[in-house]
Amino acid sequence: MTTVEEIQLVPIKPHNGLVAFASFVLDSKWYAGNVAVYTRPGGGYRLVYPTKKIGERNIEIFHPISKEVGDEVEKEVIRRLEHINRAEETNA
């Protein structure tokens with residue numbers, strides 16, 4: 001099982017569905033940063049992993065290989081984002 005730790009979120013002013021950037025540590029061994037958090041049109045959120053544009057091509061920097069790891073990362077990052085959103089609503 002993959003552990004997702006040290007999740008940090010930087011909320012931004014929403015723009016074209018982009019609402020935050022996330023960073024986290026996987027299995028106490030790998031740091032992942034600059035992961036974009038977008039809203040889904042039907043509700044909820046999705047993660048978009050960084051790429052680098054070289055010429056006309058977009059090269060993936062990193063992304064989960066297995067669906068299980070991707071789902072676990074997404075679940076934990078979204079849980080943290082929703083926690084922050086609830087705290088902001090309480091303080092508003």
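User: How many aromatic pairs does the count come to?
Analyst: Just one aromatic pair comes out of the count. The rings of Tyr49 and Phe62 have centres 5.9 Å apart and planes at 75°, so this is an edge-to-face pair. The rule is that rings of Phe, Tyr and Trp (its six-membered ring) pair if their centres lie within 6.5 Å, with planes under 30 degrees apart counted as stacked, over 60 as edge-to-face and the rest as tilted.

User: Okay, and what should I know about the model and the numbering?
Analyst: This is a predicted model, where local features need pLDDT of at least 70 and side-chain atom pairs count only at pLDDT 80 or more, while totals for chains, interfaces and linings use all residues. Residues are numbered from 1 along each chain as its sequence is written, and side-chain values use heavy atoms, leaving out hydrogens and water.

User: Back to the rings: is Tyr49 buried or exposed?
Analyst: Tyr49 counts as buried, at 17% relative accessibility. Phe62 is partly exposed, with a relative accessible area of 27%. Buried means under 20% relative accessible area, exposed over 50%, and partly exposed in between (1.4 Å probe, protein chains only).

User: Which elements does the protein chain have?
Analyst: There are one helix and six strands, running β-β-β-β-β-β-α from the N terminus. Helices (H or I, at least four residues) and strands (E, at least two) are DSSP runs, numbered from the N terminus.

User: What's the strand order in the open sheet?
Analyst: The four strands go β1-β2-β3-β4, with antiparallel pairing. β1 (4-15) and β4 (45-48) are at the edges with a single partner strand each, so one side of each has no neighbour in the sheet. From one strand to the next, the twist averages 25°. Helix α1 (residues 67-91) packs on the sheet, touching β1, β2, β3 (30-39) and β4, and its direction makes about 60° with that of β1. Axes here are lines fitted to C-alpha atoms, for helices over the stretch in contact, with angles from 0 to 180 degrees between N-to-C directions.

User: How many bridges join β2 and β3?
Analyst: Seven bridges, in the antiparallel sense; two strands pair if DSSP finds at least two bridges between them. Ala22 stands opposite Val35 in β3. β2 and β3 form a hairpin with three residues between them, and Asp27 in the turn has a positive phi of about 50°.

User: And what about β3 and β4?
Analyst: Those two also form a hairpin, with five residues between them, and Gly43 in the turn has a positive phi of about 110°. They pair over four bridges, antiparallel, and Tyr38 stands opposite Arg46 in β4. Arg46 also lies over the face of Tyr38, at 4.9 Å from the ring centre. A charge sits over a ring if NZ of Lys or CZ of Arg is within 6 Å of the ring centre and within 35 degrees of the ring normal.

User: Which residues touch the most other members in the largest nonpolar core?
Analyst: Leu9, Phe24, Val37, Leu47, Val73, Val77 and Leu81 do, out of 19 residues. Two or more residues come from each of β1, β2, β3, β4 and α1. Such a core is a set of buried Ala, Val, Leu, Ile, Met, Phe, Trp, Tyr and Cys residues joined through side-chain atoms within 4.5 Å.

User: What does Val37 touch?
Analyst: Leaving aside residues up to four places away in sequence, its contacts include Leu9, Ala22, Leu47, Val77 and Leu81. Contact means heavy atoms within 4.5 Å.
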